[in-house]
Structures are given as structure tokens and as C-alpha cells.
Amino acid sequence: MKINKLSALLVLCLSTAVFAKTTDFSEPIEVNADRNEASLKQQMLVYSGNVIVKQGTLLIKADKLTVDRSGGEGKEVFIAVGKPAVYSQVLDGDKPIQASAEEIRYAMATRVLTLTGKAEITQSGSLVRSAKIEYDLLKQQLSAESEEGKERVTTIFTSEGK
């Protein structure tokens, strides 16, 4: 029973994304997976096997989701891993954002989404693709970098009419 209560508490931390639709905050968080393990001592929670996280318009699909709560309340780190892991959400102003990568890391304290490994992010019809992308949800700033000697950062802009 303690593991289920810890699971619910840790997953509730997903609700604090700043630019999410306001209605997302009042929605319940639902996590579905084939397996759930928790370490109360290390304050770690691991979901594995066809992981789906939903809260309002937020949707995460991954092979594995790890929630690290060892930094304390408000400093949780969520790590979704997959081939690829996928994140989508509708932001205020009805602007959808979609991202995919081998690893998607969300640090609550800084409100930064870090995508690594075949990272892609799409918003307002434009696409950024690189080895690593950081997206600051508070500042709505994006930074992308390539791996040395490998594929460079690619950005594709679309016209407003499309």
C-alpha cells in the first residue's frame, strides 16, 4: 500500500509544467504500465513496459519511466526512455508541442525538458532535429546541439499558411 501512495504522490509532480493548458492542472494523472517498482529508501519509482502517462492534454509514451524524488519536493526529475519516447501537450494558446527522443528528461526545479538521442521537437509547424535539444518551458527557449563529427542540427521552418 505504501508503494501505491508513493507512486501517486510522485506522479502528481508531472502537473506543474508552466505553460500547459490551465485545465491540465485540474485533471487527474493516469499512469499505465506493465510493471511498477519503487524504492522508498532511495525515493525512486520505475514504471516499465508500454508506459503511458496522461494528464489533460499531456501525453507521454515510453518503454520505461523513472521518477527520481531524491532531491526533495519540487525537485523531482522524470526520465522517460524509449525507441523513441514521445511527449506531447497542448500549451496555452492551443499550440501543440510534440517531442521524441531516446531519452526525455524533465527537471521540475528548472522546468527544462532535455531530449537526447535522435531528438526531435515540433511546435507551430517547425521542426528541430539533433543529438540533444533543451527546451526551457519557463522562458520558451530552445537550444540544440549535434554530436561532434556526426549529423548536424537541422531546423525546418514552415510558412504560416501551411
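**Figure 1. Arg-69 in the predicted model, a buried residue in a salt-bridge network.** In this predicted model, Arg-69 has a relative accessibility of 13% and counts as buried, because the cut-off for burial is under 20% relative accessible area. Its partner Glu-76 is joined to Arg-69 by a salt bridge in which the closest N and O atoms lie 3.1 Å apart. Glu-76 is likewise buried, with a relative accessible area of 0%. The view also takes in Glu-73, which is linked with Arg-69 and Glu-76 in a network of salt bridges. In total, the structure contains six salt bridges.

**Figure 2. The salt bridge between Glu-103 and Arg-105.** The side chains of these two residues, Glu-103 and Arg-105, meet at an N to O distance of 3.5 Å. Glu-103 is partly exposed, at 24% relative accessibility. Arg-105 has a relative accessible area of 33% and is also partly exposed, as values between 20% and 50% fall in that class.

**Figure 3. The salt bridge between Lys-132 and Glu-134.** Here the N to O distance between the side chains of Lys-132 and Glu-134 is 3.7 Å. A relative accessibility of 28% makes Lys-132 partly exposed. Glu-134 is partly exposed as well, with a relative accessible area of 33%.

**Figure 4. The largest pocket and its lining residues.** The largest pocket encloses about 210 Å³ of space. Two elements, β7 (112-123) and β8 (126-136), each give two or more residues to its lining. Among the lining residues are Gly-117, Lys-118, Glu-120, Arg-129, Ser-130 and Ala-131. Further along the sequence, the lining includes Glu-147, Lys-150, Glu-151 and Arg-152. Sorted by class, the lining of the largest pocket comprises seven charged residues, two polar residues and one nonpolar residue.

**Figure 5. The protein as the setting of the close-up views.** The protein is built from one helix and ten strands. In sequence order these elements follow the pattern α-β-β-β-β-β-β-β-β-β-β. Of the 162 residues in the protein, 35% are buried. Where contacts join residues at least 6 apart in sequence, 39% of them connect residues at least 24 apart. The protein exposes a surface of about 9,500 Å², of which carbon and sulfur atoms supply 50%.

Conventions: Residues are numbered from 1 along each chain as its sequence is written. This is a predicted model: local features need pLDDT of at least 70, side-chain atom pairs count only at pLDDT 80 or more; totals for chains, interfaces and linings use all residues. Side-chain values use heavy atoms; hydrogens and water are left out. A salt bridge is a side-chain nitrogen of Lys or Arg within 4 Å of a carboxyl oxygen of Asp or Glu. Buried means under 20% relative accessible area, exposed over 50%, partly exposed in between (1.4 Å probe, protein chains only). On a 1 Å grid over the protein atoms alone, a cavity is a set of points where a 1.4 Å probe fits but cannot get out, and a pocket is an open set with protein on both sides within 12 Å along at least five of seven lines; lining residues have an atom within 4 Å of a point. Grid points are joined across faces, edges and corners, and a volume is the space filled by probe spheres set on the points. Helices (H or I, at least four residues) and strands (E, at least two) are DSSP runs, numbered from the N terminus. Ala, Val, Leu, Ile, Met, Phe, Trp, Tyr, Cys and Pro count as nonpolar, Asp, Glu, Lys and Arg as charged, and the others, Gly among them, as polar. Contact means heavy atoms within 4.5 Å. Accessible areas come from the Shrake-Rupley method with a 1.4 Å probe; for residues, only the protein chains shown count as cover.
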